[in-house]
Amino acid sequence: MIVLYIILGIIALIVILLHFSVKVTLCAQSGEKPVIEIKWLFIKIYPRPPKDKDKEKKPKKEKKSKSPPSDADFTDEQIEQMIEQANLADEQEEAQDTENIENTENTENIEEIEETKPKKVKLTKEQKKAEKAAKKAEKAAKKAEKANKEGGLAKVKRYINMVKPYVPMAWKAVKKILKTIRFTKLDIRLVSGKEDAYDAAMAYGKLSAAVGNGVSLIDSIFTVRAKNVAVYCKFNESAFEYYAATVVMVRPSALIAIAFCTGVNFLRIWIPQKIKARKERKRREKEEKAKLKSNGTELLTNE
């Protein structure tokens with residue numbers, strides 16, 4: 001029971017941690033570089049802190065060079081043993097060379113004997129007839145396969161019919177995933193100005209309409225919580241300034257749940273299709289075998 005409680009506690013901790021959102025802070029301002037920051041809980045994923053380049057590299061230890069042993073380090077007995085070992089090695093190499101030469105000569109003799117052997121016995125008339133019948137049956141099967149081959153449009157239609165059941169399920173999953181993405185603290189401030197008052201007013205109206213339509217479009221796809229959306233107009237001055245900032249939040253637990261549900265629905269559609277396809281393939285194989293047998297028997301009777 002203690003092990004079970006520990007496992008349940010670990011699972012509960014993982015679920016709680018996955019429920020915390022990943023935060024992506026975005027900020028863009030005229031005249032400055034855009035800022036992107038990604039955090040999860042108290043962990044800063046991006047940008048990573050720069051590495052300290054001022055740290056001095058530790059000097060590598062110099063390897064001691066080992067000098068080869070000189071003849072003075074060995075005794076007379078050791079030198080004699082080494083000479084005997086070298087002589088034995090030479091004798092073994094000579095014996096191996098002679099064995100290799102003998103083996104090559106034997107293989108050459110065997111090849112000559114095999115060449116002088118008589119050829120195989122010719123096939124009987126019945127065997128020849130059976131072979132001809134089998135070849136004719138194979139040719140007939142190939143012709144039937146070519147005739148039954150589907151054209152390009154038929155293949156496209158078949159693939160479309162295979163994919164069609166998955167399209168509504170995939171579209172629902174995509175919409176759910178997009179709705180789980182939340183744009184919070186949305187702050188947009190735009191300043192537009194022209195030297196002519198008429199041009200300034202027209203630019204202000206177009207910019208206000210574009211910003212309003214853009215925010216409503218984002219709200220229809222994602223979940224948006226706006227803090228401030230404003231457009232300002234300047235007269236007698238040509239200028240364009242912008243400031244946009246938001247915090248994008250996503251819960252990993254929601255994404256995992258949507259992926260699991262879509263996977264289950266995919267299997268519910270894919271498994272019955274696979275069973276039907278297997279049954280049809282077996283039926284076709286049986287029909288082809290029966291046709292081949294019938295063609296073979298007809299050819300034998302005709303001959």
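Which residue in β2 does V24 stand opposite? In this predicted model, the residue in β2 that V24 stands opposite is I38. I shall begin from that pair and work outward through the sheet.

The two strands concerned are β1, residues 22-29, and β2, residues 35-40, which run antiparallel and are joined by 6 bridges. The hairpin that they form has 5 residues between the strands, and within it G31 takes a positive phi near 85°. From β2 we pass to β3, again in the antiparallel sense, here over 3 bridges. K39 has K44 in β3 as its bridge partner. The hairpin of β2 and β3 has 2 residues between the strands, and L41 takes a positive phi near 60°.

K39 also takes part in a salt bridge: its side chain meets that of E37, at 3.7 Å from N to O. K39 counts as partly exposed because its relative accessibility is 38%. E37 is likewise described as partly exposed, with a relative accessible area of 23%.

Let me now place these strands in the whole sheet. It is an open sheet of 6 strands with mixed pairing, in the order β3-β2-β1-β6-β4-β5. Its edge strands are β3 (43-46) and β5 (223-235), each of which pairs on one side only. On average, and ignoring direction, neighbouring strands of this sheet are turned by 15° against each other. Helix α6, residues 197-221, packs on the sheet and touches β4, β5 and β6. The direction of α6 makes about 175° with that of β5.

I turn next to β4 and β6. β6 spans residues 239-250, and its pairing with β4 is antiparallel over 10 bridges. One of the residue pairs here is S192 with its bridge partner F240 in β6.

R182 deserves particular attention. It lies in strand β4, residues 182-194. R182 is buried yet has no salt bridge; D219, the nearest side chain of opposite charge, is 12 Å away. That separation rules out a salt bridge between the two, because the cut-off is 4 Å from a side-chain nitrogen to a carboxyl oxygen. What R182 does have is a polar contact of 2.6 Å between its side chain and that of S21. Beyond four places in sequence, R182 touches S21, T223, V247, V248, M249, V250 and R251.

T180, in helix α5 (residues 166-180), shares part of that environment. M249 and V250 are among its contacts, and both are also touched by R182. The other contacts of T180, leaving aside neighbours within four places, are A254, L255 and I258. T180 counts as buried because its relative accessibility is 18%, under the 20% limit.

Finally, the salt bridges. How many does the structure hold? There are 3, and the one between K39 and E37 has already been described. In another, the side chains of R189 and D187 meet at 3.1 Å, N to O. R189 is partly exposed, with a relative accessible area of 34%, whereas D187, at 10%, counts as buried. The remaining bridge joins E287 and R283, whose closest N and O atoms are 3.2 Å apart. These two residues are separated by about one helical turn, because they are 4 residues apart in helix α7, residues 252-302. E287 is partly exposed at 40%, and R283 counts as partly exposed at 43%.

Definitions and conventions: Residues are numbered from 1 along each chain as its sequence is written. This is a predicted model: local features need pLDDT of at least 70, side-chain atom pairs count only at pLDDT 80 or more; totals for chains, interfaces and linings use all residues. Side-chain values use heavy atoms; hydrogens and water are left out. Buried means under 20% relative accessible area, exposed over 50%, partly exposed in between (1.4 Å probe, protein chains only). Lys and Arg count as positive and Asp and Glu as negative; His and the chain ends are not counted. A polar contact is a pair of N or O atoms within 3.5 Å; within protein, one must be able to donate a hydrogen and the other to accept it, and residues adjacent in sequence count only if both atoms are side-chain atoms. Contact means heavy atoms within 4.5 Å. Two strands pair if DSSP finds at least two bridges between them. Axes are lines fitted to C-alpha atoms, for helices over the stretch in contact, and angles run from 0 to 180 degrees between N-to-C directions.
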